[in-house]
Every structure is written in structure tokens, then in C-alpha cells.
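Me: I am new to this structure and should be grateful for a close look at a single part, namely the place where two chains meet. Please describe how the chains are related and what each brings to the contact.

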Number of protein chains: 2
Amino acid sequence: MQLRDLVNDQPAHLVLLVIDGLGGYADAEHDSELEAARTPNLDRLAARGSCGLALPAGPGITVGSGPGHLALFGYDPLEHDLGRGLLSALGLGVDLQTGDLAARGNLATLDDGGRVADRRAGRIDDDRARSIVDTLQSQVNLEEAEVSFRHVSEHRVLLHLRGEGLDPRVADLDPQRTGVPPLEPTATAPEAEHTARLLRELDGAIREALVDEDADVVLFRGFDTLQELPSMQERFGLRPATVANYPMYRGVAQLVGMDMLAVVGSLAEQIALMSDHWDDYDYLFAHEKGADRAGHDGDRDAKIAVIEEVDGLIPDLLDLGPDVLAITGDHAAPTQLSAHSWHPVPTLLWGERVGRDAVESFGERACSGGMLGHLRTQDLLPLMLASAGRLEKYGA
Amino acid sequence: MQLRDLVNDQPAHLVLLVIDGLGGYADAEHDSELEAARTPNLDRLAARGSCGLALPAGPGITVGSGPGHLALFGYDPLEHDLGRGLLSALGLGVDLQTGDLAARGNLATLDDGGRVADRRAGRIDDDRARSIVDTLQSQVNLEEAEVSFRHVSEHRVLLHLRGEGLDPRVADLDPQRTGVPPLEPTATAPEAEHTARLLRELDGAIREALVDEDADVVLFRGFDTLQELPSMQERFGLRPATVANYPMYRGVAQLVGMDMLAVVGSLAEQIALMSDHWDDYDYLFAHEKGADRAGHDGDRDAKIAVIEEVDGLIPDLLDLGPDVLAITGDHAAPTQLSAHSWHPVPTLLWGERVGRDAVESFGERACSGGMLGHLRTQDLLPLMLASAGRLEKYGA
């Protein structure tokens with residue numbers, strides 16, 4: 001049985017609000033950020049709906065935003081490994097198409113013997129690196145593929161190739177240490193011989209272009225090609241769109257077939273944008289980045305403030321008239337760790353058919369006893385569909 | 001490791017009481033039906049045992065009684081898709097054997113050009129339809145298979161074929177619309193050519209038999225053959241029997257190898273029947289249909305009354321002396337929806353070795369915090385076996 005076989009076309013509006021990095025944990029000194037925040041609107045929704053704790057990729061697994069969002073969109077993030085090169089490209093707003101190849105790379109210097117001298121080209125600064133990337137972009141070309149370079153930060157660059165028959169099964173060029181020469185582009189599967197040959201040609205062109213620059217070579221690693229993902233239309237019969245405003249989240253949304261609405265600033269503006277397009281879609285994804293940023297910064301007060309700000313916008317969100325509303329995060333980002341973490345993410349589902357559980361406030365410990373239980377993040381989408389009356393019965 | 005490898009033959013009695021459609025949910029106005037019902041006996045059992053919330057086929061999936069019961073008997077209902085034709089046949093009490101083919105069909109009328117005029121033969125009534133089915137039964141025969149027809153309701157009939165080499169991979173004959181001719185029986189796999197040929201022959205014989213009737217043709221759809229399921233004896237080392245009284249539940253029980261004891265009326269009579277056969281079996285399955293019926297009817301008071309009636313019989317059930325007693329439903333059937341639903345089903349496990357959790361009453365929200373957690377329904381059977389001392393240690 002495929003979930004798709006059960007989907008009907010009952011009209012209904014499903015809204016997913018992702019508070020990026022929402023999850024946290026209490027310790028000897030503090031409640032979690034969400035528990036500490038004053039959130040009367042979220043608490044009211046929690047009391048009227050059902051809650052649970054979601055694990056994006058299983059117990060103990062800390063995920064990046066890519067897999068975290070794939071799970072929220074109903075995909076198994078372990079089955080669909082997007083690869084870091086692709087996620088970097090999405091984060092930079094690169095327009096990826098099926099079959100495109102992406103890789104990360106370091107600007108690096110070589111010694112007179114052609115061995116890696118510095119894997120970060122003397123910790124080159126952003127301005128110098130950007131100018132080098134401009135040089136690469138203007139001087140490096142291949143006959144058999146479109147080449148583009150993007151600056152990421154400091155010595156980090158991104159390679160994006162578009163052409164026929166690209167295959168990611170090519171070994172890294174980065175030897176990960178100094179005093180040895182960069183590795184030759186080598187296919188690890190016969191189907192990738194063409195790609196390895198292109199990369200050898202590319203490497204030669206890069207070295208030539210960099211002769212007078214502060215870097216001599218680009219050490220590439222992590223080659224990925226964009227595999228086509230089955231769309232949310234195909235898998236769940238939805239007409240989805242996103243009002244998210246950061247390239248990476250828009251990119252992941254686009255990968256699963258969401259329409260990308262205009263780029264606006266705040267969550268309040270995202271809600272207004274949803275309103276403008278309310279009749280065109282039945283699944284809308286909004287995204288608040290601030291909680292994750294505060295999590296990375298280890299700034300507890302800032303994370304609490306972001307959550308309280310989101311809380312203040314819940315009435316506007318409800319005014320849109322969604323049939324089902326899910327509010328959660330793509331992963332935890334506790335300020336104690338200043339990083340993403342594996343802790344389960346508080347998850348709230350609201351709608352007329354959802355049912356009320358015993359949870360009266362939105363927080364990690366409260367959600368632990370909720371009716372959604374300890375769920376896989378990817379199971380949220382089927383629950384949203386069911387609560388919207390979009391799933392038929394299985395079997396008689 | 002197979003569970004079967006761990007099963008010992010320790011004598012013990014396991015009893016499963018299914019309150020069909022037990023699950024529900026609280027909303028702004030009401031507690032769930034189970035929460036609202038006065039159930040002193042079930043509450044006492046809940047306090048002395050452990051509780052949880054069971055999902056028959058995963059988050060968001062609403063199941064029919066067929067898959068719901070398969071899960072209760074320890075089978076993965078998504079792996080063993082019984083098909084609607086088979087489940088209809090079981091519901092009618094048809095004696096299915098491995099390899100038998102079943103399909104649902106509509107009595108329909110054709111226009112002068114042989115195109116479907118009415119897919120329900122003018123919404124034919126039960127009496128006329130029954131008489132047409134009698135005609136079919138007496139006049140339609142095949143040389144290479146036994147043919148039988150059963151009336152289901154109104155225009156709906158069931159086809160049951162028994163013979164060598166039947167294969168369900170045949171496309172539907174029902175075009176699902178009017179103004180076009182019925183579809184030819186067509187094999188969708190080479191192995192089904194024989195079956196498709198038989199169905200073409202059958203179609204001809206049916207048209208001939210119906211020449212003077214109010215219907216001209218039967219539009220078949222959903223062909224299934226009965227695949228053999230591994231029995232509960234093989235899988236769990238049990239000697240199982242059922243005292244259920246509805247054909248469908250008896251049918252599913254029979255599919256997994258249960259002996260079918262006499263058909264009696266009420267749950268009280270089922271309990272008496274269990275008592276008569278207590279020494280012959282170590283797994284007994286009783287079934288109360290009323291809660292599901294009330295759920296379908298959207299009759300909250302009736303559902304509460306059925307649950308309270310079941311509660312009154314719990315002392316009799318305990319008097320039998322089961323070592324382990326599990327009480328749950330095959331799916332939720334909230335009266336708010338007048339239908340089956342995806343909501344998790346309260347589940348109670350009682351026995352000397354079960355252990356007590358913090359749950360003090362039997363209800364959805366109480367069970368949400370129970371020691372059985374949020375479990376897959378199919379995991380209840382291993383828990384019953386373990387609690388009965390029927391499972392050995394795995395590994396040293």
C-alpha cells in the first residue's frame with residue numbers, strides 16, 4: 001500500500017509553520033527556551049489540539065536543516081541523502097536541475113613540488129576569495145558542460161556543473177592533509193569515467209587561471225548530482241507552495257515540488273503572502289529562521305524572544321482559516337550547545353478532527369505525554385493529511 | 001531472530017477482547033466515549049496493568065476491520081493486503097480457500113449500443129437484486145472453475161471462483177462511468193491469461209442469463225485471490241480459537257489459523273463459550289461489535305452504553321482465569337466522524353507479570369502516558385506472549 005493510493009481530493013488547507021531549531025532541553029538551571037517563553041497562543045493551540053515529540057532521523061541523530069525539512073515534508077531523510085554539495089548549492093540559491101553536479105571545494109596553495117602547502121590558502125579573506133572566484137568564473141570553461149563557481153565563505157567555494165551524463169561517483173581531490181599532491185579526479189564506478197575526465201580538464205583550466213592568484217588550486221570534495229525526488233504532488237496529491245525566505249529552505253521545498261512564492265522578510269510578511277495565495281494551494285509552508293540562529297549563537301534570551309514573537313503571530317495565522325495547522329521545528333538547537341542537536345522536537349497539530357490530548361502548554365516536557373507520542377518527523381505529514389480528511393480508509 | 005524461535009510451550013491462557021471501533025477523541029465539548037463511560041472494572045484493570053495507544057497501520061492511516069484485526073493477531077497489515085473482494089467475501093461468510101478468486105461487482109444496465117446506461121441498474125432494490133443473483137447462481141457455470149454469486153446489498157454482488165491457476169492480475173471490467181461499453185477482461189500479467197479467458201467466458205454466460213432481467217451485465221472490479229497466511233500456530237506457537245460471532249471477524253481469524261467455535265449472540269455468551277473450550281486452546285479471541293456500529297451511526301450515547309455493558313462483563317472474563325488479558329479495539333470510530341479513523345486506540349494489558357504503570361483509568365488521554373507507549377497494534381501479540389511467560393530470552 002502506498003499512501004498515495006489513499007489520498008482523495010477533498011478541499012482543505014494544510015499549513016506547516018517551521019520554527020527552525022525549535023527544540024531544546026531543560027537543565028539544572030533552566031527550563032528549555034520554549035518552556036521559558038511566554039506563549040499564550042501556542043499554549044491555547046496545544047490545549048485544543050494534540051502534541052508530541054518528533055525525531056527527524058531517529059534516536060541520537062542530529063540533522064542539518066536539509067534532512068530536517070525533508071522529513072517535515074513527509075520524506076525519509078535517510079533514504080533521500082541530498083549530499084552536502086547539493087545542500088550548499090541550495091543554500092546559495094543556485095538553480096539546481098536534475099542531473100546537475102555540485103561539489104564543495106577549498107582554495108589552496110601548492111609548494112614548488114606541487115604538494116599541498118595550505119589547504120585554506122593562508123586563511124584567505126572573503127574579499128580576496130571572491131575576486132579569485134570571479135577570475136575562475138570568467139576564465140574557466142569546459143566544452144562539454146556549463147561550469148559555475150560560487151563563493152561560500154573565506155576559502156570555501158562551490159562548483160556547479162550542468163551537462164549530459166554527469167555522475168557523482170568520483171573520488172575527492174582534497175587529500176585532507178598537506179605535503180602531498182592533490183588527488184587526481186578518479187572515477188569510482190565505470191559510469192563516472194566521463195565526469196572524471198571533465199574534472200581533470202577542469203583542474204587543468206583552474207590551475208592555469210590561478211597562475212597569478214593567491215591560491216593555486218581548488219581541492220574539491222563531496223561530489224553530488226541532483227537526483228529527482230518524487231514530488232509532494234505525486235506522493236501526497238497536494239498542491240504545495242512555500243513562503244519561506246531563505247534560499248536553502250526554498251531550495252529543499254522546490255526539490256519536493258513546491259511552488260516558490262515571493263521572497264519576503266518577516267514571518268508576518270510570510271503570513272500576508274499566504275493570504276494572497278490562499279486559493280491557489282492546499283499546502284503552505286512558512287519558516288522562521290531566528291530561533292535556529294539564536295540557538296547557534298548560544299543566545300538563550302534571543303531564542304526565547306523569537307519564540308515569543310512567533311507566538312504573537314499565531315492569531316494572524318489562524319485568521320487565514322487553515323483546516324490543519326502543524327507547528328514544529330526541523331531539529332533541536334539548544335542554546336546550551338550552540339549547535340543543532342538530536343533532542344526530540346516539540347510538535348503541535350491543530351484542527352477540527354485532531355482531537356484534544358492532555359497537553360495544556362507547548363513545551364518539551366509537556367509534549368512528551370501528548371497523543372502524537374514520540375513520532376518520526378516524516379509521519380507528521382500523513383497525520384496532517386488524515387486530520388484534513390484527505391486520506392481514505394485502508395482495507396474493508 | 002524470528003519471534004517463533006523464542007516461543008516455548010509453557011501452559012498459559014491468553015485472551016484478546018476486541019471492542020470494535022473502541023478509539024475516539026475528546027473535543028471542545030466532550031470527553032471521548034471511552035473517557036465518558038462509567039467503567040469501574042476496566043479502570044481497575046488499567047490501574048493493575050499497563051496501558052498504551054495502538055496504531056493499526058501507522059500514523060494517519062485509517063484501517064478497515066480486516067487490517068485492524070490482522071494487526072491485533074500479530075501480523076503487519078500493510079504486508080498482508082487482503083483486498084476488498086476477499087474481505088467482502090469474508091464478511092458474507094464465504095468459505096474461502098487458498099487460491100480462490102473473489103471480486104466485487106455491480107449489477108448494471110446497458111443501452112441498445114451495449115454501452116453502460118446505469119452502473120447501479122436503476123438503484124435496484126434488495127429483493128429484485130437477490131432474485132437476479134439467484135438466476136445467475138442457477139444458470140451460470142464454467143467448465144474450468146466453480147462459480148458462485150452472493151448478493152451483498154442493493155446492486156452489489158460478490159463473485160467467488162474456485163479452480164486451478166486463478167490469478168488476480170486482471171483489470172477491472174467496470175469502466176466507472178456510463179456511455180462507454182464495459183471493459184473486456186484483460187490480464188495485466190501473462191500468468192493471468194487463463195483467468196482473463198475464464199472471465200470472458202463468464203461475462204458471456206452472465207449476459208445470456210440476464211436477457212430477461214432488470215440488469216444486463218455485472219461490472220466486476222477488485223479481483224483478489226486468497227494468499228495463504230502463515231498461521232498463528234506457525235508464527236507464535238499458539239493454539240488459537242475465536243468465539244466472535246460476525247462472519248468477517250471469524251473469517252479473518254480463520255485466515256490466520258484460528259479454530260472457529262460456535263456462533264453465539266452476545267459477548268456474555270461468547271464468554272460462556274470460552275469457558276466451555278478453556279482447556280482446548282491457549283489463545284482466545286472475543287469480539288464486541290456494538291461500539292463500532294454506534295461509531296458509524298454517530299451515536300455517542302449508544303457507544304458509551306456498549307462500553308459500559310462490556311465493562312459489566314469484565315468480572316466474568318476474569319473468572320475464566322486468563323493469565324494475560326488484552327483489551328483494545330481494531331481501530332478508532334469516533335462518533336464525531338461517524339466513521340473509522342486514524343486516531344490511536346486505547347490498549348490495556350493485564351496479567352501477573354505485566355507490571356503497573358501510572359495509568360489509573362482506561363481512556364485515550366490516560367493511556368497516552370502509559371507504559372506500553374505508542375505502539376504498533378501488531379506488537380501487542382508479542383507483549384501478550386511475553387507476559388504469559390511464553391517467550392524465552394534472546395541471546396545470552
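Reply: To speak of a rotation axis, one first superposes the copies by least squares on the C-alpha atoms of residues with pLDDT of at least 70 in both. The model considered here is a predicted one. Within it, a turn of 125° together with a shift of 0.1 Å along the axis lays chain B on chain A, with an RMSD of 0.2 Å. The two copies are therefore related as by a three-fold rotation axis. In chain B, the residue that comes closest to this axis is B:Gly369, whose C-alpha lies at 3.0 Å. The copies use different surfaces, for 10% of the contact residues of chain B recur in chain A.

The contact itself draws 30 residues from chain B and 22 residues from chain A. On the side of chain B that touches chain A, at least two residues each are supplied by α4 (65-72), α5 (84-91), α13 (364-367) and β13 (373-376) of chain B. The largest share of that side comes from α5(B), with three residues. Sorted by class, the side of chain B that touches chain A holds 14 nonpolar, 11 polar and five charged residues.

Chain A, the partner in this contact, is itself assigned two parts: domain 1 (3-80 + 230-387) and domain 2 (87-225). Their C-alpha centres lie 36 Å apart. Where these domains of chain A touch, domain 1 gives six residues and domain 2 gives five residues. Helix α8 (residues 247-255) of chain A provides the largest share of the domain 1 side, four residues.

Key: Residues numbered from 1 in each chain as written. Chains lettered and ligands numbered in written order. Predicted model: local features only at pLDDT ≥ 70, side-chain atom pairs only at ≥ 80, totals over all residues. Contact = placed C-beta atoms within 7 Å. Nonpolar A, V, L, I, M, F, W, Y, C, P; charged D, E, K, R; others polar. Domains from an automatic or database assignment.
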